[in-house]
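Me: I would like to go through this fold strand by strand. Can we do it as short questions and answers?

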Amino acid sequence: MIDRDRLQREFLTLATIDSPSFRERPMADALTARLRALGAAVREDAAGAALQGDAGNLFADLPGTLPGEPLLFSAHMDTVGPCLGKKPRLADDGRFRSDGTTVLGSDDLAGVCAILEAVRSLDEDGVPRRTLQVIFSVGEERNLAGAKQVDPAAIRACEGYVLDTSGPPGHAVNTAPGNRRIVAVFHGRAAHAGIAPEKGVNAVAAAADAIAACRWGRLDARTTANVGRIEGGGATNIVPDACRFEAECRSFDVDALDALAASIADRCREAAARRGATVEVSVTAAYETFHLDRKHPVVRRFADACAALGLPVTLSPGGGGSDANVYARHGVACLVLACGMTDVHSVHESLSLDELVRVAELARDLMTRA
Ligand SMILES: [Zn+2]
């Protein structure tokens, strides 16, 4: 049985540990000790060194007695800011909250705690389970930086569950968009704005032309684009010689995504050329799309487990990336499970203890299914 009191204590203990992105060392040590206590062989990869962080991704192998390939369960160890000195408490309404000055950290300790409690309770009850691979990643909140460092050869599972989204237990994300980040740096020529404007090339105007030539917002049901930041220029009496903007686009269709990013880059080059400016445009893949068919065994297993627990199932597209986007590229069919957290990435974040118990029950059930 899931031990509600133990789960509550565990969440409150782990949530007091500071674990900002790339400073996950204390959390990694605490989780390594817990995984070893469960009998797991734990390995840490070199992501910490690669990302100038102080901890790597944790991989735990937990041999089971039921047949089948290893099943992946994953959550991330880092927390968005403000997250230093968290003082989590269980409020009278049955929800964990911070003291209002920091996030709570249920994103993603709800996932971490549910996975640990599920394994712990199965093993203590002597219930046979699948062989499991648990991955606790670093730097997820920084564009999935930790998961991107994972050596595909280190992933032994072909199917898995990433416990890392908002919403009630029973909700899951089976598809998510890919993301391209675009940085455009325009170079013009400075000149006195009043005496010799013809000698100048206005980099701010070139950037503005490029931005005006693109479409932003929701472009269709599957695609969004956003210009999020612009900086450049100086005094009004100088024709500005530099301007830079940062944008992103997301789509569930990877070809449309790359075509859109390329078209934004083209608009930048055209706008620069018209103004006599130059531009350097970089397009980087922040993360790739993932899609899991509703009939896939990973979804079926989830639906069966929810049915057994009386949880209504909802599947929906996600708006952003999670480690599942990366694992999917490595051939792992992943479903992203809701963990009961709400208002994440804000100081109003909260987590219902009742729902956390249900998430742990769900994880426990999944670990025993073919
Ligand atoms: Zn998260």
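The exchange below moves from the overall build to single strands and one helix.

Me: How many helices and strands does the protein have?
Reply: Keep in mind that this is a predicted model. The C-alpha trace spans about 85 × 45 × 40 Å along its principal axes. Of the 370 residues, 49% count as buried. The secondary structure comes to 10 helices and 20 strands.

Me: What share of the contacts between residues at least 6 apart in sequence joins residues at least 24 apart?
Reply: A contact here needs C-beta atoms within 7 Å. Pairs at least 6 apart in sequence form the pool. Those joining residues at least 24 apart make up 77%.

Me: What distance separates the centres of domain 1 and domain 2?
Reply: The domain assignment gives domain 1 as 4-176 + 289-366 and domain 2 as 178-287. Taken over C-alpha atoms, the centres are separated by 38 Å.

Me: How many residues of domain 1 and of domain 2 take part in the contact?
Reply: On the side of domain 1 that touches domain 2, three residues are nonpolar, five are polar and none is charged. The contact takes eight residues from domain 1 and six residues from domain 2.

Me: Which strands pair with S3 in the parallel sense?
Reply: Strand S3 covers residues 71-76, and six of its six residues are buried. Leu71, Phe73 and Ala75 point one way, while Leu72, Ser74 and His76 point the other. Six bridges link S3 to a strand at residues 132-137, with Ala75 opposite Phe136. Four bridges link S3 to a strand at residues 159-165, with Leu71 opposite Glu159, so the partners are S6 and S7.

Me: Why is S18 described as largely enclosed by the rest of the structure?
Reply: Look at both faces of S18. Ala333, Leu335 and Leu337 are buried on one side, and Cys334, Val336 and Ala338 are buried on the other. S18 is largely enclosed because six of its six residues, 333-338, are buried.

Me: Which strand runs antiparallel to S18, joined by two bridges?
Reply: Set the parallel pairing aside: six bridges join S7 to S18, which run parallel. There, Val162 stands opposite Val336. In the antiparallel pairing, Ala172 stands opposite Leu337. The antiparallel strand spans residues 171-176 and is S8.

Me: Which strands stand at the edges of the five-stranded open sheet?
Reply: The order is S11-S12-S14-S9-S15, with antiparallel pairing. Each edge strand has a single partner strand, so one side of each is left without a neighbour in the sheet. The edge strands are S11 (217-220) and S15 (278-287).

Me: By what average angle are neighbouring strands of this sheet turned against each other?
Reply: Direction is ignored in this value. Averaged over neighbouring strands of the sheet, the turn is 20°.

Me: Which residue of S14 stands opposite Phe186?
Reply: S9 and S14 run antiparallel. They are joined by 10 bridges. Across from Phe186, in S14, stands Cys243.

Me: Which helix is among the elements that cover the buried residues of H6?
Reply: H6 covers residues 203-213, and its buried residues are Ala203, Val204, Ala205, Ala206, Ala207 and Ala210. Their cover includes strands S9 (178-187), S12 (223-232) and S14 (242-251). It also includes a helix at 254-275, namely H7.

Notes. Residues numbered from 1 in each chain as written. Predicted model: local features only at pLDDT ≥ 70, side-chain atom pairs only at ≥ 80, totals over all residues. Buried ≥ 20, exposed ≤ 12 C-beta atoms within 10 Å, placed from the backbone. Domains from an automatic or database assignment. Contact = placed C-beta atoms within 7 Å. Nonpolar A, V, L, I, M, F, W, Y, C, P; charged D, E, K, R; others polar. Axes fitted to C-alpha atoms, helices over the stretch in contact; angles between N-to-C directions.
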